[in-house]
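Please find below a colleague's note on the charged side-chain contacts of this entry. The points are numbered for ease of reply.

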Amino acid sequence: MTNNNTSRKSNLYQVLSLSSENVGPEEIKKAYRKLARQHHPDVRPASGKEESTRRFLEIREAYETLTDPATRLVYDYELSNVNSVGRPRRSEGSTSSSRAVWQMQLHGLKERSRVRMERKIYSS
């Protein structure tokens with residue numbers, strides 16, 4: 001699972017070389033595949049294997065975060081509440097935004113629970 005932390009070193013959209021946060025799943029997937037092929041440790045020379053492995057893992061984390069709707073929502077929320085210095089912004093509407101994020105997380109948990117129960121029922 002990914003680490004959703006506002007103190008990330010870089011913007012995940014920039015990691016995937018995406019110019020905007022308003023991109024769909026297909027653009028994210030396309031960017032990921034291009035970069036993954038380019039930076040995969042198995043296609044890089046031995047001298048750069050450590051750096052390519054680090055970069056590949058960073059690309060994979062960005063892809064996993066941005067393709068999962070719940071984690072992307074949380075990430076986008078955190079990204080929008082961090083100023084250019086990397087410190088959380090103070091805003092009056094943060095409680096309603098926090099509630100929306102909480103509700104989305106709760107919805108994701110309920111959905112995963114429903115899917116698990118369906119698998120359990122059908123595998124019996």
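The points below concern salt bridges, their place in the helices and the exposure of their partners.

1. The coordinates come from a predicted model. Under the distance criterion applied here, seven salt bridges are counted; three of the pairs are discussed in this note.

2. Helix 3 spans residues 49–67 and contains both Arg54 and Glu51. These two side chains form a salt bridge, with 2.4 Å between the closest N and O atoms. The partners are three residues apart, about one turn of the helix. Arg54 is partly exposed at 43% relative accessible area, and Glu51 is likewise partly exposed at 46%.

3. A salt bridge also links Glu58 and Arg55, with an N to O distance of 3.4 Å. This pair again lies in helix 3, its members three residues apart and separated by about one helical turn. Glu58 has a relative accessible area of 21% and is partly exposed. Arg55, at 18%, counts as buried, because the cut-off for that class is under 20%.

4. In helix 5 (residues 94–123), Arg114 and Glu111 are three residues apart, about one turn of the helix. Their side chains meet in a salt bridge at 2.3 Å, N to O. Arg114 is partly exposed, with a relative accessible area of 37%; Glu111 is also partly exposed, at 30%.

5. Which residues are joined into one network by salt bridges that share partners? The network consists of Glu51, Arg54, Arg55 and Glu58.

Notes
Residues are numbered from 1 along each chain as its sequence is written. This is a predicted model: local features need pLDDT of at least 70, side-chain atom pairs count only at pLDDT 80 or more; totals for chains, interfaces and linings use all residues. Side-chain values use heavy atoms; hydrogens and water are left out. A salt bridge is a side-chain nitrogen of Lys or Arg within 4 Å of a carboxyl oxygen of Asp or Glu. Helices (H or I, at least four residues) and strands (E, at least two) are DSSP runs, numbered from the N terminus. Buried means under 20% relative accessible area, exposed over 50%, partly exposed in between (1.4 Å probe, protein chains only).
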